[in-house]
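Hi,

Here is the structure I said I would pass on. Have a look at it first, and my notes follow underneath.

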Amino acid sequence: MRRCLRSYWAVMAVLLFAGSACAQTKAQAQNVPEIPYESVPNFLKLPPDLYLGEAIGVATNSKGHIFVYTRSANTRLFEFDQNGKYIREIGEGLFGFEFAHSVRVDPQDNIWAVDEGTNMVIKFNPAGRVVMVIGRRPEFVTNPIPTPPGPTPPPQKYLFRRPTDVAFDPQGNIFVTDGYVNHRVVKFDKDGRFLKQVGSEKPGSEPGQFRTPHGIAVDAQGNVYVADRANHRMQVFDNNLVLKSIYDNIGDSWTVCISPGPHQYLFSSNSNPNGNRPGSWDITGEIYKMELDGTTLGRFGHAGKEHGAFQVVHMMDCRNPDEIIVAEIESWRVQKLLLKPQRAVTSSVR
Amino acid sequence: MRRFLQICLGVMLLAGIPALAQDSIPEIPFDSAPDPLKFPDNIHLGETIGVATNSKGDVFVFTRTGHPTISLGTSRPFAHGGTRLFQFDKTGKYVREIGKDSYGFLVGLMVRVDAQDNIWTVDQMSNTVIKFDPNGRLAMVLGRKAESERIPNPAAAAPAAPAGLPGAGVQSDIFNRPTDVAWDAAENIYVADGNGNARIAKFDKNGKFIRSWGHRGTEPGQFNSPHGIAIDLQGNVYVADRNNRRIQVFDGDGNFKTQFTNVGRPSALCITPGPHQYLYTSNSNPPGDIDVAGEIYKMELNGQILGKFGKAGRLMKEFGDVNGMDCRSDNEFWVAEMITWRVQKLSLRPQAQAAKK
């Protein structure tokens, strides 16, 4: 990552002088209608002694309860009710909580946390007790540098290297994006047994390869949508991880969600890059609403620190496609957005 | 680095280079209130890096305490904790902790309260400037904490410095050991950045980057550890350019106006509210020595020195490396001290000084 950052700086310098502001190379769809929205003020009510750090993961269960996975002094997982009232902490002091990356809720209301510090995927039952873990936290440090220099060895079936996200198909199979060091998607059965993977330990930009697969979602047919962030695209696979299509007109796909119901919608965030470099706010920050086939229906939001703007959206919940809940890295907050899509459709189609 | 500074200081003292204020500067009589803050039994100050009051007289104390830790046996080494922020009422009674277990509290450097009573903290390890609203809830974050630490910190793994002049930093809210924050009447935000960079960064009230100025150097408009910042009612920006041993004054766009070079090594600044504003600056002693410096100067905004008080030391009415000052009230003056792990509440008696003449 450090090395990557270093070359990133160099690339950035060149791009800055060339008058561009961001390492974004893929086109964004043009003339996409803006979807009006508002952000609910003071949505989450935190007790006086609780503070969110980087708001990394957000998800809802079937009751509308909201789960927030955050990097505060320690990584922690909180549950709120549908009105934003605090209910409880889940997994306090857990061995697997070190550096939050994603939280998702499956159709049975189990809560899944993905931690890129401990390299663990952790399943809690609805009562908040651990019922399954995949991956293993490194036992101890023999080398002070956790990721030694040199090429990454091939991945093992059950060990992750900074995993990023998890998703489930209707049969309960588990899909994990892995991640920042490996660049693959792994499919496990519902009991956590390895089935298949696509991608490898090597990043790549060919179809079916990944460069930081950063988010994942599965539709009702079992198709798998992967936010292939550093390749500036989303890749779509069938249930056996065979590539079906690529959507590359939505900027950097940081995170993805799919709404439930008979007509499913796909959301993808072209989050502004960390660091707020000059000009980056002008060309990033928006979220796209799409059909599953990749047709862009509309977009909303922009980069900024004020209420209603986005400061590096890291995760979205779209259980209700007109009420999107977003978690932001750099503003340490969760916002609930009320979309008004009818107006956008009216203005664009007619 | 410290040894280097000490050597520098020694050389300069021997050579008589710094134009320290003359001995004729009047001493301002003052007292220090015993036990101005009442602590719960389980709260202890560590290095006290900042103290600030709000319009109600509540006192906010930012301190390095608890246990900064690095967790190993993970994909990368992660840093946790080490600094806390406490609120007291105007009688010194403990009110609450703010930002408990905050992601951004590692090695604090300053706390300030703005004109709307928002509370702002600056942390030089997490490289964040955090705004809390008057209720103590998070309102804005500038900067980003590094995701993980480099341990042991091999030079080969260090990120390359950004291109451009040394210390000029990146044109954004990427800080390198920021030190202080201030605001103008339009609520624009100015960050002194800092011990790693050598610039002042300006943001609008929504946190959008506007500009930054300065880089490492000794010329006017250049900095060497800009360690404090304060803004007067006209929007002039006063920067404690600590290791250049001067205060520089700029307009709000960063145009250099003047500098004051006769107040030692300015480590902390504050400006009183109107209508007649005064500037206070601390010639703080280095953390390793209580036998030099330590006095605080009271000045007119044009640089004229009106008086001074205090000296380095560990006793009451002595100062142990003052890092933060609050001068909201003319008579009650708060100092936060680095090496003596305390705050003092001082009553200045400039009238007594005048009467003695």
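Thr121(B), leaving aside its neighbours within four places in sequence, is in contact with Phe62(B), Leu85(B), Gly108(B), Val111(B) and Ile130(B); two residues are in contact if their C-beta atoms, placed from the backbone, lie within 7 Å. You'll find Thr121(B) in strand S9 of chain B, residues 119-123 (helices, H or I with at least four residues, and strands, E with at least two, are DSSP runs numbered from the N terminus). Thr121(B) counts as buried because it has 28 C-beta neighbours inside 10 Å. The cut-offs there: buried is 20 or more other C-beta atoms within 10 Å of a residue's own, exposed is 12 or fewer, and partly exposed is in between, again with C-beta atoms placed from the backbone. Gly104(B) is 17 residues from Thr121(B) in sequence, and their C-alpha atoms are 9.2 Å apart.

A word on provenance: this is a predicted model, so local features need pLDDT of at least 70 and side-chain atom pairs count only at pLDDT 80 or more, while totals for chains, interfaces and linings use all residues. Residues are numbered from 1 along each chain as its sequence is written, and chains are lettered from A and ligands numbered from 1 in the order in which they are written.

How far to trust chain A? Its mean pLDDT (the predictor's confidence in each residue, from 0 to 100) is 90, and 87% of its residues reach 70 or more. Watch the ends, though: pLDDT stays under 50 over residues 1-25 of chain A, where the model has 33 contacts beyond four places in sequence. The same goes for residues 346-350 of chain A, also under 50, with two such contacts.

Chain A has three helices and 24 strands. Of its 350 residues, 47% count as buried. Among the chain A contacts with a separation of 6 or more, 48% are between residues 24 or more positions apart.

One hairpin in chain A is worth a look. Strands S8 (residues 120-124) and S9 (residues 130-134) of chain A pair in the antiparallel sense over four bridges; pairing requires DSSP to find at least two bridges between the strands. Val121(A) has Ile134(A) as its bridge partner in S9(A). Five residues sit between S8(A) and S9(A), and Gly128(A) in the turn has a positive phi of about 90°.

Back in chain B, there is an open sheet of four strands in the order S1-S28-S27-S26, with antiparallel pairing. Its edge strands, each pairing on one side only, are S1 (30-32) and S26 (322-326) of chain B. S26(B) runs antiparallel to S27(B) (residues 332-337), joined by four bridges, and Asp326(B) has Trp334(B) as its bridge partner in S27(B).

Now the interface: the contact takes 37 residues from chain B and 39 residues from chain A. On the chain B side, S5 (78-80), S7 (94-98) and S11 (138-142) are the elements that give two or more residues, and S11(B) has the largest share, three residues.

Last, the largest nonpolar core (buried Ala, Val, Leu, Ile, Met, Phe, Trp, Tyr and Cys residues joined through C-beta atoms within 7 Å) has 167 residues, and those with the most contacts inside it are Val58(A), Val68(A) and Ile229(B). Beyond its neighbours within four places in sequence, Ile229(B) is in contact with ten residues' worth of surroundings, including Tyr190(B), Ile200(B), Val239(B) and Leu269(B).

Cheers
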